[in-house]
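User: I've got a model open here and keep tripping over the labels people put on things. Can you go through them with me and say what backs each one?

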Amino acid sequence: MENRIRCYEEISSETFDTENVVTDSSSDQVDVEAVILKIFKQFEKSAEIEPEFPVIRKRVHCQLLKDYLRTLPQKYECLDASRTWIVYWVLHSLSLLNDMPDAETLSDVVKFLTLCQHDDGGYGGGPGQYPHLGTTYAAVNALSIIGTEEAYNSLDRSSLQKFLWTVRDVDGSFALHKGGEQDIRGAYCAVSIAKITNTYTDALFDKTAEWIVSCQTYEGGFAGCPGMEAHGGYAFCGIASLALLNKTHLCDVDALLRWCVNRQMRLEGGFQGRTNKLVDGCYSFWLGAAFPIISAILSQENKELLETVLFNQGALQEYVIICCQALPGGGFIDKPGKHRDVYHTCYALSGLSVAQHGTGAGDPFIVGRPSNELNRIHPLYNVAPHLAYNAVHYFIRHPPPVKDKN
Amino acid sequence: MSDSGDSDVAWTYYKDRPEWNDVTPVPEDEGPNLVVVIAHSEKFVDVYDYFRAVLQNNEKSERALHLTKDAVELNPANYTVWQYRRDLLKALGTDLRSELDYVELVIKNSPKNYQVWHHRRVLVEWLQDPSQELELTGDALMQDPKNYHAWQHRQWAIKTFGLYEKEMDFVDNLITDDVRNNSAWNQRYFIVNNHLGWSDLNVQREICYTLEKIKFIKNNESAWNYLKGVLIHDKRGLSGNAVVTSFCEELYKNKCRSPYLLAFIIDICDEAIKKGETNCLHNATRAVELCQALATKYDKIRSKYWNYMCEKFKKAQQEEENNKEKAANMDE
């Protein structure tokens with residue numbers, strides 16, 4: 001009952017009340033709402049004659065993603081140091097859409113990722129680039145999605161573990177690369193990589209949970225580093241790494257939950273990343289995925305299964321499908337008026353999947369026609385659950401040749 | 001995204017520069033088949049072919065330093081180039097002051113980039129000179145008062161070098177400009193938390209400040225969140241501060257139904273229940289009513305959450321009633 005779709009009347013009654021005090025924040029918000037309302041209005045009209053609406057144009061998205069897996073236009077030059085990310089975003093999106101490339105293509109991808117693997121361990125954003133925790137996380141996830149022996153065996157885990165040690169600081173935090181910036185993304189990427197590849201040791205993550213907890217802010221969310229503002233991307237990194245470390249009891253989950261629920265926009269249905277900021281399709285994942293994690297924590301604490309996620313799943317699906325699909329070309333966007341890109345495509349789809357499947361218990365709730373259903377994700381790694389388990393188990397069965405020095 | 005070199009008439013490719021003819025360019029090793037290959041401009045390919053060569057040879061020279069400038073201009077997010085540039089600066093003993101000016105320029109063009117701000121931070125650390133950081137970040141925040149990178153750099157400089165003195169005025173101005181600027185509220189918390197301290201006096205002052213702002217706009221989540229943040233440091237807790245509770249009840253009586261107000265009263269009730277200090281205003285029954293009002297009327301998008309909270313309070317309500325019964329039985 002709580003998962004029903006909202007009608008236009010309902011949506012339009014939720015417009016922002018400036019209370020006669022217009023500021024930059026409120027006028028930006030009012031502008032976005034005007035555009036979104038127009039789109040919802042238009043949608044309601046077209047839905048009258050097309051009962052299966054809204055539709056995810058899966059075929060169009062898949063075609064674009066498969067093209068991108070081979071070549072990208074010049075405007076992607078700014079992601080030249082993030083090519084393993086592009087690989088992960090594309091493969092994960094295709095995996096959600098249930099349309100994986102053929103074996104030969106995937107084998108090409110493994111060979112490319114091997115070129116990005118650095119002699120010092122870990123992966124750079126492209127061949128010959130320095131190893132970086134973000135691009136290594138992306139490469140490890142991509143290899144998990146591919147899931148072949150070739151993919152698993154291409155990963156040099158002894159040097160990977162050495163790399164993780166070189167970016168670890170004594171306080172338990174992680175720099176993104178040697179000599180690079182330190183923030184909660186580093187901690188999350190390191191934990192996720194180490195857990196999937198079975199290179200995790202207690203010593204490697206000594207004090208990491210405590211450092212992460214010091215990033216929880218008075219608002220309840222997590223910041224990039226202690227003192228900064230709570231932020232959707234960092235909140236995901238915070239709670240997902242604590243969950244992977246089995247240390248969620250160290251943070252204030254009730255405060256996190258309150259902050260997370262408040263990020264859902266009452267009119268748009270999507271999530272904003274910070275208090276009083278604008279909606280953005282990518283937070284469908286960063287905030288959306290925090291919910292199944294929180295539900296799991298609360299179930300553990302209360303010893304009573306919380307089978308649902310505590311956000312409005314229907315409203316999020318409406319926002320992503322109706323407002324964030326780039327058509328006719330394919331891909332997803334931040335918000336209407338913005339250009340599509342692979343990053344937003346991946347995280348809009350990932351968030352959509354969470355909105356459909358919730359905690360994974362019970363039946364999925366699919367807005368629009370049944371074929372809109374996407375595959376599920378594992379909310380801690382953001383790859384499909386079975387692909388995460390397969391990788392984890394493969395690496396447990398095949399321990400790295402060299403044991404951790406510590 | 002940078003301009004492609006194709007329209008840049010004055011540009012000479014590295015492959016056409018005599019001073020570079022001793023270097024063999026190293027093309028990107030793409031492997032046998034195309035995977036996420038970006039359609040680079042000719043200039044991009046040329047510059048990076050030479051950058052790869054320099055990196056491979058570990059060449060530490062002035063011309064290499066110059067080359068990294070062209071490389072980051074084409075892609076300021078290339079952390080390898082920035083890292084190598086730092087190694088060059090060290091090896092060559094380059095004047096770091098001019099580097100400071102240079103990175104300032106790059107920051108102005110790419111203010112939302114991790115690498116440029118990190119480069120700046122390393123330089124300031126090397127020089128141990130934070131004298132320009134407040135102005136630099138101030139300028140960036142003038143362009144975008146919520147720029148996360150700028151705030152992070154500013155907090156780092158302030159914390160590392162103790163530059164708190166004028167920060168409260170800076171924050172006051174930003175909050176006056178836009179009372180909904182959550183980054184500014186967060187900075188306010190940062191100053192009190194790291195510098196002024198949460199003395200009783202400071203807690204009271206911050207509460208008064210925040211209540212004034214809430215009076216002005218009731219639906220401002222930033223101010224409500226800050227209020228809750230301040231009250232973490234009030235020994236009497238959320239429910240023990242009479243100024244706050246009466247302020248809230250006054251708003252409620254005056255028909256204010258801001259979801260943040262209702263949520264705040266729920267939190268007061270919650271604390272009172274947990275402390276065993278419920279009263280006629282703050283108890284489980286009130287919390288249940290408010291959760292229902294939020295779920296069905298004032299905050300419908302969050303109805304699932306409020307219904308979940310409601311169930312929790314219903315259990316507490318049951319206990320409250322059981323206790324009352326017990327007390328009544330005892331009286332008999």
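Analyst: Happy to; what follows takes the labels in turn, and keep in mind that this is a predicted model.

User: Start with Ala71(B). Why is Ala71(B) called buried?

Analyst: Buried means under 20% relative accessible area. Ala71(B) has a relative accessible area of 0%, so it counts as buried. It is found in helix 2 of chain B, residues 62-74. Setting aside residues up to four places away in sequence, Ala71(B) touches Val47(B), Tyr48(B) and Val81(B).

User: How far apart are Ala71(B) and Tyr50(B), in sequence and in space?

Analyst: They sit 21 residues apart in sequence and 9.5 Å apart in space, going C-alpha to C-alpha.

User: Next, Asn312(A). How do you know whether Asn312(A) is buried or exposed?

Analyst: Its relative accessibility is 7%, so Asn312(A) counts as buried, the cut-off being under 20%. You'll find Asn312(A) in the loop between helix 14 (290-302) and helix 15 (313-323) of chain A.

User: What makes the link between Asn312(A) and Ala315(A) a polar contact?

Analyst: A polar contact is a pair of N or O atoms within 3.5 Å, with one able to donate a hydrogen and the other to accept it. Here a polar atom of the Asn312(A) side chain lies 2.9 Å from the backbone nitrogen of Ala315(A), so the distance fits under that 3.5 Å limit. Asn312(A) also touches Gln264(A) and Ile301(B), leaving out residues up to four places away in sequence.

User: What about helix 14 of chain B: which side-chain oxygen reaches a backbone nitrogen at its start?

Analyst: That one belongs to Asn283(B), and it comes to within 3.2 Å of the backbone nitrogen of Thr285(B). Helix 14 of chain B covers residues 284-298, and its buried residues include Ala287(B), Val288(B), Leu290(B) and Leu294(B), with Arg286(B) on the list too. The buried residues of helix 14 pack against helix 12 (242-253), helix 13 (259-275) and helix 15 (303-331) of chain B.

User: What makes Asn276(A) and Asn58(B) worth flagging?

Analyst: Their phi angles. Most residues other than glycine have a negative phi. Phi of Asn276(A) is near 60°, and phi of Asn58(B) is near 55°; each value is positive in a residue other than glycine. Asn276(A) lies in the loop between helix 12 and helix 13 (283-286) of chain A, while Asn58(B) is in the loop between helix 1 and helix 2 of chain B.

User: Why do Asn276(A) and Asn58(B) get the burial labels they do?

Analyst: Asn276(A) has a relative accessible area of 17%, so it is buried. Asn58(B) has 46%, so it is partly exposed; that label runs between the 20% and 50% cut-offs.

User: And which peptide bond is cis?

Analyst: The one from Leu327(A) to Pro328(A), with omega near 10°. Most peptide bonds are trans. Pro328(A) is found in the loop between helix 15 and helix 16 (342-357) of chain A.

User: On to the holes. How many cavities of 30 Å³ or more are there, and what volume does the largest have?

Analyst: There are three cavities of 30 Å³ or more, and the largest has a volume of about 190 Å³. Its lining takes in both chains, with Glu181(A), Gln182(A), Trp117(B) and His149(B) among the residues. Helix 5 (114-127) and helix 7 (148-161) of chain B each supply at least two residues of that lining. By class, the lining has three nonpolar, five polar and three charged residues.

User: Which helix gives the most to the lining of the second largest cavity?

Analyst: Helix 1 of chain B, residues 42-57, with four residues. The second largest cavity holds about 80 Å³ of space, and its lining includes Asp80(A), Gln129(A), Tyr48(B) and Arg52(B).

User: What makes the second largest pocket a pocket rather than a cavity?

Analyst: A pocket is an open set of points, whereas a cavity is one the 1.4 Å probe cannot get out of. This pocket has a volume of about 1200 Å³. It is lined by 48 residues, with Asp254(A), Lys228(B), Asp267(B), Asp270(B) and Lys274(B) nearest its centre. Helix 15 of chain B gives the most to the lining, with eleven residues. By class, the lining has 21 nonpolar, nine polar and 18 charged residues.

Technical notes:
Residues are numbered from 1 along each chain as its sequence is written. Chains are lettered from A and ligands numbered from 1 in the order in which they are written. This is a predicted model: local features need pLDDT of at least 70, side-chain atom pairs count only at pLDDT 80 or more; totals for chains, interfaces and linings use all residues. Side-chain values use heavy atoms; hydrogens and water are left out. Buried means under 20% relative accessible area, exposed over 50%, partly exposed in between (1.4 Å probe, protein chains only). Contact means heavy atoms within 4.5 Å. On a 1 Å grid over the protein atoms alone, a cavity is a set of points where a 1.4 Å probe fits but cannot get out, and a pocket is an open set with protein on both sides within 12 Å along at least five of seven lines; lining residues have an atom within 4 Å of a point. Grid points are joined across faces, edges and corners, and a volume is the space filled by probe spheres set on the points. Ala, Val, Leu, Ile, Met, Phe, Trp, Tyr, Cys and Pro count as nonpolar, Asp, Glu, Lys and Arg as charged, and the others, Gly among them, as polar.
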